[in-house]
Amino acid sequence: MLEKFQPTPPDPILGLGQLFKADPRDNKIDLGVGVFKDAAGNTPIMSAVKKAEVILHDSQTTKTYKGLAGDEAFRDEMRKLVLGDAVAADRVATLQTPGGTGALRQLYEAIKKVNGDATLWLSDPTWPSHVAMGKAMGMNIRTYRYFDQATSMVNFDAMMEDIKGIQPQDVLMLHGCCHNPTGANLNADQWSVITDLLLQKNAIPFIDIAYQGFGDGLDEDAANLRAMAARVPEMLIAASCSKNFGLYRDRVGCAMAICDSAEKHDVVSRNLAVLNRMNYSFAPDHGAALVAIILGDEVLNAEWQRELTEMRDTMLTIRQELADALRLKCNTDRFDFIAEHRGMFSRLGLTKEEVDRLRDEHGMYVVGDSRINIAGLSGGRVEPFATAVAAVLGG
Ligand code: LMR
């Protein structure tokens with residue numbers, strides 16, 4: 001049987017990490033996978049997380065199973081973190097999942113189960129796994145235009161032209177904030193226009209929010225999602241704690257389904273829990289327990305928010321520095337958009353050949369679509385990167 005497996009193509013994001021590791025050059029820079037890096041190039045454990053681990057270590061008395069849907073305190077804190085008070089708690093069914101990807105998977109499963117003919121509309125471009133996972137599950141996928149190559153901003157007219165074809169009960173995925181891979185985000189007015197369309201078409205919004213706190217602030221990054229949630233009868237949300245808590249490998253995520261009435265809540269909740277049972281029984285507990293401790297403790301919560309603010313400010317500073325350095329070195333304003341973008345990534349608009357040359361000639365590891373991880377430039381790496389981009393563009 002197993003001889004039937006064919007070699008797999010490298011993952012567009014994770015494959016780059018293998019190449020980077022194998023590169024012997026000292027001055028190489030990794031701008032691939034989306035993990036925060038400090039000035040030394042390390043991805044530190046947040047101090048609030050370390051303290052929560054001590055609390056957990058000292059207070060945990062058993063490792064027995066929790067409920068299938070996961071830890072209640074964690075799920076309730078996540079609901080508050082993402083939705084604030086936009087929607088009554090008794091309309092929101094929640095499920096603890098292994099990472100934000102696990103939340104996406106479970107919500108894809110839910111769509112397939114109850115709405116198998118629906119089309120899932122994804123932005124072009126989007127995070128590659130959004131597409132790959134849907135295709136692997138045999139879902140109907142359509143993409144809508146999103147990114148204007150010429151301005152490196154959202155092409156809202158083209159997006160609206162495409163999604164006006166959305167059918168009743170189709171699902172429209174939006175990135176809650178910090179669009180991955182482009183860094184170009186919809187504004188509040190545009191979210192409101194999209195909400196009008198979804199209401200008119202009786203279609204369902206599905207928000208992937210994996211970078212809350214990395215754009216403009218925890219509440220600011222959730223504001224558009226919350227405004228939409230307050231107006232629509234139903235919504236799906238996949239939230240991740242990988243980035244804003246730095247809990248990448250611990251796999252902490254939460255799926256949420258907003259129901260049109262509190263009466264539906266219990267049956268939706270139980271169905272989501274069954275999806276956990278069908279796929280892996282229980283989501284991992286450790287990281288979720290840490291998040292519940294941090295969010296539920298005033299002092300730790302404040303400490304975590306301070307650290308998150310520091311990370312965000314680092315990225316915002318790098319954005320401005322990089323835009324300035326590229327303007328100077330490349331003698332063009334074509335990269336000014338980097339300072340306008342928000343989140344961990346920007347798509348630079350370089351050709352595949354230019355991306356290859358950045359890697360081969362300069363040791364700069366950028367994802368193939370020219371997406372860079374802004375945090376990878378901390379610790380004085382802006383200058384050498386801008387110099388390499390100028391060299392590649394210069395000939
Ligand atoms: C990324 O886009 O780099 C992150 O979301 C990590 C991943 O799993 O791809």
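A polar contact, as the term is used here, is a pair of N or O atoms within 3.5 Å. In this predicted model, a backbone N or O atom of Gly34 meets that description, lying 2.7 Å from an oxygen atom of the ligand. The ligand lies between two domains, because domain 1 (9–45 + 301–394) and domain 2 (65–296) both contribute residues to the shell around it. The points below take up the ligand site, the open sheet, and some backbone features in loops.

**Ligand site**

- The shell around the ligand is made up of Ile13, Val33, Gly34, Trp127, Asn180, Tyr211, Lys243, Phe345 and Arg371, and by class it comprises five nonpolar, two polar and two charged residues.
- Side chains also approach the ligand with N or O atoms: one in the side chain of Lys243 is 3.2 Å from an oxygen atom of the ligand, and one in the side chain of Arg371 is 2.9 Å from an oxygen atom of the ligand.
- Taken alone, the ligand would expose 260 Å², of which the protein buries 81%.

**Open sheet**

- Seven strands form an open sheet in the order 2-10-9-8-7-3-4, and their pairing is mixed.
- The edges are occupied by strand 2 (92–97) and strand 4 (140–145), each of which has a single partner strand, so that one side of each is left without a neighbour in the sheet.
- From one strand to the next, the twist of this sheet averages 20°.
- Strand 2 runs antiparallel to strand 10 (residues 253–258), and six bridges join the two; within this pairing, Leu95 has Ala255 of strand 10 as its bridge partner.

**Backbone features in loops**

- The peptide bond from Asp124 to Pro125 is cis, with omega near 5°, and Pro125 is placed in the loop between strand 3 (119–124) and helix 5 (128–136).
- Another cis peptide bond joins Asn180 and Pro181, with omega about 25°; Pro181 belongs to the loop between strand 7 (171–175) and helix 7 (188–201), while Asn180 is also one of the residues around the ligand.
- Gln169 has a positive phi of about 75° although it is not a glycine, and Gln169 lies in the loop between helix 6 (156–163) and strand 7.

Technical notes
Residues are numbered from 1 along each chain as its sequence is written. This is a predicted model: local features need pLDDT of at least 70, side-chain atom pairs count only at pLDDT 80 or more; totals for chains, interfaces and linings use all residues. Side-chain values use heavy atoms; hydrogens and water are left out. A residue is near a molecule or strand if one of its heavy atoms lies within 4 Å of it. A polar contact is a pair of N or O atoms within 3.5 Å; within protein, one must be able to donate a hydrogen and the other to accept it, and residues adjacent in sequence count only if both atoms are side-chain atoms. Accessible areas come from the Shrake-Rupley method with a 1.4 Å probe; for residues, only the protein chains shown count as cover. Ala, Val, Leu, Ile, Met, Phe, Trp, Tyr, Cys and Pro count as nonpolar, Asp, Glu, Lys and Arg as charged, and the others, Gly among them, as polar. Domain bounds come from an automatic or database domain assignment. Two strands pair if DSSP finds at least two bridges between them. Helices (H or I, at least four residues) and strands (E, at least two) are DSSP runs, numbered from the N terminus. Axes are lines fitted to C-alpha atoms, for helices over the stretch in contact, and angles run from 0 to 180 degrees between N-to-C directions.
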